[in-house]
Amino acid sequence: MSTFGVNELRRKYLEFFESKDHLAMKSFSLVPQNDNSLLLINAGMAPLKPYFTGQEIPPRKRVTTCQKCVRTGDIENVGKTARHLTFFEMLGNFSFGDYFKEEAISWSWEFLTEVLGLEEDRLYPSIYGEDDEAFEIWNKKIGIAEDRITRFYRDPETGACDNFWEHGAGPCGPCSEIYYDRGEKYGCGSPDCKVGCECDRFMEVWNNVFTQFNGDGKGGYEELENKNIDTGMGLERLAVVMQDVDSVFDIDTMKAIRDRICELCGKEYHVDAMDDISIRLITDHIRSATFLVSDGVMPSNEGRGYVLRRLIRRAARHGRMLGISDMFLANLSETVINESKDGYPELEEKKAFIFKVLTQEEEKFNKTIDQGLAILGDMMDEMKQSGAKELSGENTFKLYDTYGFPVDLTAEILEEKGFSYDEAGFAACMEEQRQKARAARKVTNYMGADASVFEQVDAAITTEFVGYDRLEDASSITVIATAKEEGDEVVSELAAEIAEGENGTIVTAKTPFYATMGGQQGDKGVIETANGRFVVDDTVKLVGGKYGHVGHMEQGMFAVGDTVTLKVDAANRAKICSNHSATHLLQKALREVLGSHVEQAGSSQDSERTRFDFSHFSALTAEELQQVEDMVNAKIAEHIDVDTQVMTVDEAKKTGAMALFGEKYGETVRVVSMGDFSKEFCGGTHVKNTGDIMAFKIISESGVAAGVRRIEALTGENVLAYYANLEKELQQAAKIVKATPANLTERLEKLMAEVKELQSENESLKAKAAQSALGDVMDAVVEIKGVKLLATSVDDVDMNGLRDLGDDLKSKLGEGVVVLASAKDGKVNLVAMATDEAMKSGAHAGNLIKAIAGLVGGGGGGRPNMAQAGGKNPAGIPDAVAAVADALAGQLS
């Protein structure tokens, strides 16, 4: 048996199935496209679901892929075992209504035995218990003895079976797996050890899924007219067999990462069991994080961003546990990239960006973990004072979720101080978080897309887009769907015709209307015949490559089969093109001014403005924004021709054209160039010359997520309208303050100086009034267990005034505690202050406020030295002031 590296195994598998007339497709992004049922791609067949269901026509009936996958269901076990991974690669060969069991089984055997050279007597097939067809192929055609073919049957109580694949209602079918006998050294020693045993001796290396039924989800099955093949084989597991190593953490690509971790921390693998857990966890998590970032996922507190943040912070935490004090994740990611770029060249292309994201998140974690330690310290202080022995589940989750503080670290620190945490309460908070994540995925059909009537339409019906070089064309209507309001919902149904006054969607064989995609808003316009007119309010892309013209029938009637004339609103399209082309210039300018880490994270162009989201880690300065705007306007003024060429993806990349994060491209792409300045993959519509854009104006810059900034900008006539409106507002403002636009600044500066002087005078008068209303309160000072306390109330003082008054009284008091209450405008303000000596005796201003705020119908808190609160019940002020003494006495030792 030959020993093959991971990259060679991947290459051999894809080449083998190419020799069997399969189309080798590149891995899809880890971010699902048009599938709300998944946060991340978790299986090789997941991105191919539209082909299996017939919603879309596959590029070929035979396809093979090596798909990157992420699963985090067992994340807590990663590192603790040598089996669990969050990131893995899934080899697959797929048939969409073409070949079936005999070819699939024969080719799997041929690849394993003839290409890889695995010994036939160490391979053991398994089948679904009732699948006699598969048994006959293995037994009669391949020649496997009956006693070496294992049948797995359904569990009589649950009905479940590992060798029958189904996921609720929908396509399903039996499986046939192939196990490899790794030898007795990996066995459990039991005389009954065989295929299906839980030990590591018999490892599953191949799983053929024969999708031949449509299940109703209740145990009923109908034969599918077009049967499919879905093969899954974990690349890492196959490498374990081929390299004859103990676990996936010992295969060549992962061992390189593992060795680098050991080098960074100065420790050896297989010396200390606890260290090994951390080494394995980091090895896995840095792979997941690197690939997720390369597909455009950014760390955040929800959805797939939360998955990424958790992976990065777990890896950083375990790095600390191994004694790595410096930043190390970007360094380690370089090893991941070097080991995997053979199969995923985009890793090398995005290297700088990946390092930037990992470094920034690691820096954040290093800050928050120290902050978390301080907050946990405060929580333990409060527990000591209250006599509690258990940290609440809410506080434990707050540390975990807000400050990225691992719960195992919280538990460890608590245990050292004689405390524990509410595990059930923490679990409840975690479940609530999971429910939110599930809700974000929406309730969808099998395909993970919102169900629509267009799924019923023949997948062979598609629309040809002809609108790159024309805005008017004739075509025939292929599909009509009318829309009616039923309560709060709009219900669509397929129809043979659409009449005057009805709303609906029209599909044609070809169209000059651009459908909303890639950030560009769909076209508006009209569809006409001699006697009918349909107003198009929007154009959308439907399942299976159909373009839907959404709008209403203004006059007459259309029927399926009618020949119609489609006319795009030229003025609207021109404004959209202007905004879209300007966005290309904007992205290039941002990369020039800020750096090559800038990548598109989302965009939207309509006739009004362009919105561009991009990766950057701080707000842009006024100078940077001006540089970007000036650079775009300079390129507009150069009147550069906009050139579009169609070429293969590889040819496009060689030209230096930029591709979008996570975008899946076909065999050919459109490359839009604006001289030597900008060159991007883009399927949208554009101006013919940058001069057509006329002008560019940035109107806002903001943050939309961690590491993602947003710029909104205007072009062309919208810029002129913006400045006209600005001039109008300037004139109105000048009129209000009795000035002209020319001397408005001078006038405002003078007015502001007057306002400031009046405010200062007002504050002084308010302070004197508060002092006067309070009178000589020093006679009200009492001593509680050796600590001086001044607790009193004053009328009609706001929170700022109350704080100033408190500072003054604390200064007069010298050492002690001051608590003040005031009613103003029907609301209550409370302030408490404690000096250093008072705090040493146990006084805590925040806890004092908590103790009395309820008496005035409010709540609040704060630091030990100063705290404040608001309330809604002024009548409770006397009781609140009276309660201070007892509350303070309870704090003092």
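This section describes two helix pairs and one sheet with its packed helices in a predicted model.

Helix H1 (residues 6-18) and helix H3 (residues 101-115) have axes that come within 11 Å and cross at roughly 130°. H1 is therefore oblique to H3, and the crossing in which H1 passes H3 is right-handed. On the H1 side, the residues that meet H3 are Lys12, Tyr13, Phe16 and Phe17. Their counterparts in H3 are Trp107, Glu110, Phe111 and Val115. Sorted by class, the contact of H1 with H3 holds six nonpolar and two charged residues, and no polar ones.

A second pair is formed by helix H7 (residues 273-294) and helix H8 (residues 303-321), whose axes come within 9 Å and cross at roughly 145°. Here the crossing of H7 past H8 is left-handed. H7 contributes Ser278, Leu281, Ile282, His285, Ser288, Ala289, Leu292 and Val293 to the contact. From H8, the contact is made by Leu308, Leu311, Ile312, Arg314, Ala315, His318, Gly319 and Met321. The classes represented in the contact of H7 with H8 are nonpolar, with 10 residues, polar, with five, and charged, with one.

The sheet is open and consists of four strands in the order S23-S24-S29-S28, with antiparallel pairing. Strands of a sheet pair through backbone hydrogen bonds, in either a parallel or an antiparallel arrangement. The edge positions are taken by strand S23 (600-605) and strand S28 (696-705); each has a single partner strand, so one side of each is left without a neighbour in the sheet. On average, and with direction ignored, neighbouring strands of this sheet are turned by 15° against each other.

At the S28 edge, S28 pairs with strand S29 (residues 708-715) in the antiparallel sense over eight bridges. Within this part of the sheet, Ser702 has Arg710 of S29 as its bridge partner.

Two helices that pack on the sheet can be described by the strands they touch. Helix H15 (residues 570-594) touches S23, strand S24 (610-615), S28 and S29. The direction of H15 makes about 30° with that of S24. Helix H16 (residues 622-637) also packs on the sheet, where it touches S28 and S29. The direction of H16 makes about 135° with that of S28. Strands S28 and S29 are thus touched by H15 and by H16.

Technical notes. Residues are numbered from 1 along each chain as its sequence is written. This is a predicted model: local features need pLDDT of at least 70, side-chain atom pairs count only at pLDDT 80 or more; totals for chains, interfaces and linings use all residues. Side-chain values use heavy atoms; hydrogens and water are left out. Axes are lines fitted to C-alpha atoms, for helices over the stretch in contact, and angles run from 0 to 180 degrees between N-to-C directions. A crossing is left-handed if the near helix is turned anticlockwise from the far one by less than a right angle, and right-handed if clockwise. Contact means heavy atoms within 4.5 Å. Ala, Val, Leu, Ile, Met, Phe, Trp, Tyr, Cys and Pro count as nonpolar, Asp, Glu, Lys and Arg as charged, and the others, Gly among them, as polar. Two strands pair if DSSP finds at least two bridges between them. Angles under 35 degrees count as roughly parallel, over 145 as roughly antiparallel, 65 to 115 as roughly perpendicular and the rest as oblique.
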